Amino acid sequence: QLRCGMCGAVLLERVAGYAVGPPTQPHIGMEFYFNQAPDPGATSAFESGLEEEMLNCLRGCHRAQGRFLLAGRTSFVNTRGYKWAAACGDSLVHAVAVFEPEHVARPPSEGAAEEPPGRPRPVL
């Protein structure tokens, strides 16, 4: 997930295929590049008319600071060939790993039968 670092709002639920790069501005910790469109119900344009270029969370947490969280390929931000870039840092975007329950290994319960041979066990 990608979340607003101030209010915790989810900007993008799932990210498949991404890259991480060094910051391009001093207030950014790292940049996170991805292709999925941010959730339109969770984001708002930094300014009117910039819906495809510069986005914040719906609450506009960063607007007063003159900052935006997500930059589209058509903005002045270099997205390194991806459709979007997220500015990550303390109060900026937080990239959070969320694991689905079926992908988490559980220890066998006491007295339970061993798994059949040849069946791989999930690794954390």
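Colleague: Which strand does Asn56 lie in?
Modeller: This is a predicted model, where local features need pLDDT of at least 70 and side-chain atom pairs count only at pLDDT 80 or more, while totals for chains, interfaces and linings use all residues. Residues are numbered from 1 along each chain as its sequence is written, and side-chain values use heavy atoms, with hydrogens and water left out. Strands are DSSP runs (E, at least two residues) numbered from the N terminus. Asn56 sits in the run covering residues 54–57, which is strand E6.

Colleague: Is Asn56 buried or exposed?
Modeller: Buried means under 20% relative accessible area, exposed over 50%, and partly exposed in between (1.4 Å probe, protein chains only). Asn56 has 0% relative accessibility, so it's buried.

Colleague: Which residue offers its backbone oxygen to the side chain of Asn56?
Modeller: Contact (heavy atoms within 4.5 Å) gives Asn56 a list of partners beyond four places in sequence, including Ala42, Ser44, His62, Arg63 and Phe68. For the oxygen we want a polar contact: N or O atoms within 3.5 Å, one able to donate a hydrogen and the other to accept it, with sequence-adjacent residues counting only if both atoms are side-chain atoms. At 3.2 Å from a polar atom of the Asn56 side chain, that oxygen belongs to Arg67.

Colleague: Ser44 is in contact with Asn56 too. Which side chain does the Ser44 side chain make a polar contact with?
Modeller: Ser44 is in strand E5 (residues 43–45), and it's buried because its relative accessible area is 17%. Its side chain has a polar atom 3.0 Å from the backbone oxygen of Cys57, but that's a backbone partner. The side-chain partner, at 3.3 Å, is Arg63.

Colleague: How far is the sulfur of Cys4 from the closest cysteine sulfur?
Modeller: Along the chain Cys4 is 52 residues from Asn56, with 8.0 Å between their C-alpha atoms. A disulfide takes two cysteine sulfur atoms within 2.5 Å, and the structure holds zero of them. The closest sulfur to that of Cys4 is in Cys7, too far for a bond, so the pair stays unlinked at 3.8 Å.

Colleague: What is the relative accessible area of Cys7?
Modeller: Cys4 is buried, at 2% relative accessibility. Cys7 is partly exposed, because its relative accessible area is 30%.

Colleague: Which strand gives the largest share of the lining of the second largest pocket?
Modeller: A pocket is an open set of points on a 1 Å grid over the protein atoms alone where a 1.4 Å probe fits, with protein on both sides within 12 Å along at least five of seven lines; lining residues have an atom within 4 Å of a point. This one is lined by 17 residues, with Gln25, Ile28, Phe68, Val77 and Ala87 nearest its centre. Strands E7 (70–72) and E8 (84–88) each give two or more. The largest share is three residues, from E8.

Colleague: Which residue's backbone nitrogen does the Ser75 side chain reach?
Modeller: Ser75 lies in the loop between E7 and E8 and is buried because its relative accessible area is 10%. Beyond four places in sequence, Ser75 touches Glu53 and Met54. The nitrogen, 3.2 Å away, is that of Val77.

Colleague: How far apart in space are the C-alpha atoms of Asp90 and His27?
Modeller: Asp90 is in the loop between E8 and strand E9 (93–95), and it's exposed because its relative accessible area is 77%. Asp90 and His27 are 63 residues apart in sequence, and C-alpha to C-alpha the separation is 9.1 Å.

Note on methods. Helix = DSSP H or I, 4+ residues; strand = E, 2+ residues; numbered from the N terminus.
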